[in-house]
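Subject: Structure for you to look at

Hello,

Here is the structure I said I would pass on. My notes on what turned up in it follow below.

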Amino acid sequence: MPIKIPDLLPAVDVLGSENIFVMTETRAAHQDVRPLKLLLLNLMPKKIETENQLIRMLSNTPLQVGIELLRIDNHESKNTPRQHLDSFYRDFDEVKDSNYDGLIITGAPLGLVQFEDISYWDKIQTIIRWSQDHVTSTLFLCWAAQAALNVLYDLPKQTRDKKLSGVYKHRVLNPHEPLTRGFDDEFLVPHSRNADFPVNFICNHTDLNMLASSEDAGGYLFASSCRRQVFVTGHPEYDAETLSQEYWRDQDAGISPIVPESYFPNDDPENTPTNVWRSHANLLFTNWLNYYVYQITPYQLNKES
């Protein structure tokens with residue numbers, strides 16, 4: 001089944017060129033099907049790129065999925081045209097009285113900023129708490145996972161001594177858990193963060209189930225027993241070249257970044273990286289949609305799940 005997105009969203013052409021079945025809202029209106037209703041709170045600077053990455057991940061499923069885009073109300077973006085935001089994104093006041101099958105909150109380049117110093121921290125807290133009553137299952141990516149741990153479990157920000165950047169090996173801790181069904185025992189995921197997610201710290205201070213971790217990257221995938229909150233500390237949605245773009249951006253800015261670990265062939269930034277995590281990423285999002293959203297969401301969203 002296709003993924004349903006606004007007619008003029010750039011992802012229509014980008015994903016269509018990749019032979020991904022994308023259905024515009026106009027065409028979907030003629031089908032007598034209730035698609036899953038997903039909300040995407042996009043906090044990444046390059047919003048169009050992140051839209052494409054996540055919609056690509058969500059498209060690999062037999063379920064019909066409709067996506068609405070959410071922004072922090074009137075927050076300016078330096079890397080996304082205002083016209084794009086005004087055309088395709090909704091403000092929280094427009095959706096707060098609605099219910100959704102799923103919510104994804106992306107990462108954000110805020111790893112070294114204290115929560116209370118973030119201009120829209122109050123709104124982030126509001127949306128996370130709102131999701132507990134209005135969303136069947138919420139997926140927190142990277143920085144959003146750290147923010148949700150603070151809001152839902154009152155855990156302080158944990159920061160690494162140096163930024164974690166590269167592609168790291170992870171191991172499944174519970175192969176019979178539906179969210180990890182079909183995963184290889186060991187799999188690769190890219191990370192790009194200053195946040196730290198120590199396994200023991202999370203397990204000792206929350207009731208979350210740790211499902212996958214890495215010796216180098218720490219806790220990677222953990223979730224609530226009710227399946228309503230899922231935490232993913234890496235960036236499985238990244239394209240092959242995303243870490244490269246971040247590296248060269250920081251180089252050009254004079255930051256002197258470390259070379260992402262196990263990413264460039266021969267650890268040479270002049271070499272073109274390849275995507276070695278795509279199969280895991282597709283399976284993760286497919287499992288989330290199937291087992292954590294579709295299987296437990298009510299048919300009528302105005303009823304409690």
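Ring pairs join F140, F197, F222 and F231 into a cluster. Please keep in mind that this is a predicted model. A search of the whole structure gives 13 aromatic pairs. One of them is F115 with W121, which is stacked, with 4.4 Å from centre to centre and 10° between the planes. Both partners are out of the solvent by the usual cut-off: F115 counts as buried because its relative accessible area is 6%, under the limit of 20%, and W121 is buried as well, at 7% relative accessibility. The pair of F183 and F187 has another geometry: the ring centres are 5.3 Å apart and the planes stand at 70°, so this pair is edge-to-face. The cut-off for that label is an angle over 60 degrees. F183 and F187 are both buried.

Two lysines belong with the rings. The charged end of K157 sits over the ring of F115, 4.4 Å from the ring centre. F115 therefore has W121 as its stacked partner and the charge of K157 over its ring. The other lysine is K37, which lies over the face of Y100 at 4.6 Å from the ring centre.

K157 and F197 come up again in the cavity. The structure holds one cavity of 30 Å³ or more. The largest cavity contains about 70 Å³ of space. Its lining consists of Q146, L149, L155, P156, K157, Q158, D196, F197, F201 and I202. So K157, whose charged end is over the ring of F115, is also one of the lining residues, and F197 from the ring cluster is another. By class, the lining has six nonpolar, two polar and two charged residues. Which helices supply at least two residues each to this lining? They are α7 (143-153) and α8 (199-205).

Helix α7 also holds A145. A145 is buried, because its relative accessible area is 0% and the cut-off is under 20%. Along the sequence A145 and Q229 are 84 residues apart, while in space their C-alpha atoms are 9.6 Å apart.

Y89 gives another contact of this kind to look at. This residue lies in strand β5 (residues 89-90) and is buried, with a relative accessible area of 4%. Y89 and E68 are 21 residues apart in sequence, and the distance between their C-alpha atoms is 7.4 Å.

Next, helix α3, residues 47-58. Does its length agree or disagree with what its number of residues should give? With 12 residues at 1.5 Å a residue, the helix should span 16 Å, and its end C-alpha atoms are 16 Å apart, so the two agree. The expected span comes from 1.5 Å times one less than the number of residues. As for its surroundings, 10 of the 12 residues of α3 are buried, which means that the helix is largely enclosed by the rest of the structure. The buried residues are K47, T50, E51, N52, Q53, L54, I55, R56, M57 and L58. Charged side chains are therefore among the buried residues here, including K47, E51 and R56.

Last, two backbone angles in the loop between α9 (242-252) and α10 (278-294). S256 is in this loop, and its phi is near 55°, a positive value in a residue other than glycine. S256 counts as exposed because its relative accessibility is 59%, and the cut-off is over 50%. N266 is in the loop between α9 and α10 too. Its phi is positive as well, at about 60°, although N266 is not a glycine. With a relative accessible area of 74%, N266 is exposed.

If you open the model, you could start with the rings around F115 and then go on to the cavity lining, where K157 appears in both places.

Regards

Definitions and conventions
Residues numbered from 1 in each chain as written. Predicted model: local features only at pLDDT ≥ 70, side-chain atom pairs only at ≥ 80, totals over all residues. Heavy atoms only, no water. Buried < 20%, exposed > 50% of the residue type's maximum accessible area, 1.4 Å probe, protein only. Phe/Tyr/Trp six-rings, centres within 6.5 Å; stacked < 30°, edge-to-face > 60°. Lys NZ or Arg CZ within 6 Å of the ring centre and 35° of its normal. 1 Å grid on protein atoms, 1.4 Å probe; cavity = no way out; pocket = protein on both sides within 12 Å on 5 of 7 lines; lining within 4 Å. Points joined across faces, edges and corners; volume = space filled by probe spheres on them.
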